[in-house]
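Colleague: I am new to this structure and would like to learn how to read it. Could you walk me through a few features?

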Amino acid sequence: MRSIKFLFILLTVFALIGGFFVWRGFGRAKEVLPSKSKPNLETLSNEDGEVKMVITPKALAQDFWSFEVTLDTHSVELTDDLAEVSFLVDENGKTFKALGWEGDPPGGHHINGILKYSPISPRPENIELRIKLNNKERSFKWKLSE
């Protein structure tokens, strides 16, 4: 009975030590990722017109770029498909259509979700996100280079 109890305690200690090293390894990976995929770009907002727009760059990874979009209004219905009315513009004026929208469907007065784009290559020094709602275009610009 004592040997089974000792074996159980020994296995528990090894599991805790192993779990610590696994957790510690994942912690290091998270520290490295932000500089490559998660941008430190500021949230921008625009309150021109009837719709308040708040845009936060979320990821500029190798496989996709994403931007969190929040729309708020109390005066108009938000019926536009955001993937269709949004595009990225590089510093040379070339436009890029969204891959898609993951979030609230069109309709209502409050919409939140993620716009996804293919990455622009070569990576530009500046990007601009343009969104045209209710025949009014809004522009959000970020500098990507240091």
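Modeller: Gladly! Let us start with S86: leaving aside its neighbours within four places in sequence, S86 is in contact with A98, L115, Y117, R130 and I131. Contact here means heavy atoms within 4.5 Å. This is a predicted model, where local features need pLDDT of at least 70 and side-chain atom pairs count only at pLDDT 80 or more, while totals for chains, interfaces and linings use all residues. Residues are numbered from 1 along each chain as its sequence is written, and side-chain values use heavy atoms, with hydrogens and water left out.

Colleague: Is S86 buried or exposed?

Modeller: Buried means under 20% relative accessible area, exposed over 50%, and partly exposed in between (1.4 Å probe, protein chains only). S86 has 1% relative accessibility, so it counts as buried. S86 belongs to strand 4, residues 86-90; helices (H or I, at least four residues) and strands (E, at least two) are DSSP runs, numbered from the N terminus.

Colleague: What lies 2.7 Å from a polar atom of the S86 side chain?

Modeller: That is the backbone oxygen of L82.

Colleague: L82 is a good next stop. Which residues touch the most other members of the largest nonpolar core?

Modeller: In general, nonpolar side chains tend to be buried together in soluble globular proteins. A nonpolar core is a set of buried Ala, Val, Leu, Ile, Met, Phe, Trp, Tyr and Cys residues joined through side-chain atoms within 4.5 Å. Here the largest one has 30 residues, and F67, L82, L129 and I131 touch the most other members. Among the elements giving two or more residues to this core are helix 2 (82-85), strand 3 (65-72) and strand 8 (126-133).

Colleague: How do I read the sheet, and in which order do its 5 strands come?

Modeller: Look for pairs: two strands pair if DSSP finds at least two bridges between them. The 5 strands form an open, antiparallel sheet in the order 1-2-3-7-6. Strand 1 (44-46) and strand 6 (100-103) stand at the edges with a single partner strand each, so one side of each has no neighbour in the sheet.

Colleague: How many bridges join strand 1 to strand 2?

Modeller: There are 3, and the two strands run antiparallel; L44, for one, has I55 in strand 2 as its bridge partner. The two form a hairpin with 5 residues between them, and G49 in the turn has a positive phi of about 80 degrees.

Colleague: And what joins strand 2 to strand 3?

Modeller: A hairpin again, through 4 residues. These strands pair over 8 bridges in the antiparallel sense; A59 has S66 as its bridge partner, and K52 stands opposite D72.

Methods:
A polar contact is a pair of N or O atoms within 3.5 Å; within protein, one must be able to donate a hydrogen and the other to accept it, and residues adjacent in sequence count only if both atoms are side-chain atoms.
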